[in-house]
Amino acid sequence: MCICVDCHWVDRCSTYHAVETRHGVKHLTPTPDFAPLQPRINVHLRSRGLVTTVEWDVVACNSFLRDLGRWQRLRPREAVPT
Ligand code: SF4
């Protein structure tokens, strides 16, 4: 699971914006203005039959600032990305 959903910077972060782009989902902001320090991203390949999907998760980041439930508060009626 991406740690960004519980990070204070999630709606301003350029790395999370890139993760959203990779997943093809709606952006929290069109103009991220925060550049995190040393985010580490895991890329998972999942195969089901003939279909392979790619998941990108930030698993560590020197700029992580814990703000539990930040993403959910920004999108209260949507499911939290996993
Ligand atoms: S954990 Fe790092 S990459 Fe993720 S939103 Fe926070 S600052 Fe950005």
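**View 1. Strand β1 is hardly covered in this predicted model.** Strand β1 runs over residues 40-48. Among its nine residues, the count of buried ones is zero. Its partner is β2. The two strands pair in the antiparallel sense, over nine bridges. One facing pair is easy to look up: Arg-40 stands opposite Ala-60 in β2.

**View 2. Strand β2 is hardly covered as well.** This strand takes in residues 51-60. It has 10 residues, and the count of buried ones among them is one. In a regular strand, side chains alternate between the two faces of the sheet.

**View 3. A hairpin joins β1 and β2.** Two residues lie between the strands. Gly-49 takes a positive phi in this hairpin, near 60°.

**View 4. The loop between α1 and β1 holds Gln-38 and Asp-33.** Helix α1 covers 14-23. Gln-38 is not a glycine, yet its phi is positive, at about 50°. Gln-38 has 9 other C-beta atoms within 10 Å, so it counts as exposed; the limit for exposed is 12 or fewer. Asp-33 has 10 such neighbours within 10 Å and is therefore exposed too. Asp-33 and Gly-69 are 36 residues apart in sequence. In space, their C-alpha atoms are 21 Å apart.

**View 5. The largest nonpolar core has 11 residues.** Four of its members are cysteines near the start of the numbering or just after: Cys-2, Cys-4, Cys-7 and Cys-13. Cys-61 also belongs to it. The valines are Val-5, Val-10, Val-19 and Val-58. Trp-9 and Tyr-16 complete the set. Tyr-16 is in contact with Cys-4 and Val-10, leaving aside its neighbours within four places in sequence.

**View 6. The ligand has 14 residues around it.** Which of them come nearest? They are Cys-4, Cys-7, Cys-13, Pro-36 and Cys-61. Cys-4, Cys-7, Cys-13 and Cys-61 are also members of the largest nonpolar core. The shell around the ligand divides into 12 nonpolar residues and two polar ones. It has no charged residues.

**View 7. The whole protein follows the pattern α-β-β-α.** That order is read along the sequence. The secondary structure comes to two helices and two strands. The C-alpha trace spans about 40 × 30 × 25 Å along its principal axes. How does the radius of gyration sit with a compact globule? With 82 residues, such a globule would have a value near 12 Å; the protein has 13 Å, which agrees. Of the 82 residues, 20% count as buried. Contacts with a separation of 6 or more were also sorted by sequence distance. Residues 24 or more positions apart account for 50% of them.

Conventions:
Residues numbered from 1 in each chain as written. Predicted model: local features only at pLDDT ≥ 70, side-chain atom pairs only at ≥ 80, totals over all residues. Near = placed C-beta within 6 Å. Nonpolar A, V, L, I, M, F, W, Y, C, P; charged D, E, K, R; others polar. Core = buried A, V, L, I, M, F, W, Y, C linked by C-beta atoms within 7 Å. Contact = placed C-beta atoms within 7 Å. Helix = DSSP H or I, 4+ residues; strand = E, 2+ residues; numbered from the N terminus. Rg over C-alpha atoms; globule rule 2.2 N^0.38 Å. Pairing = 2+ DSSP bridges.
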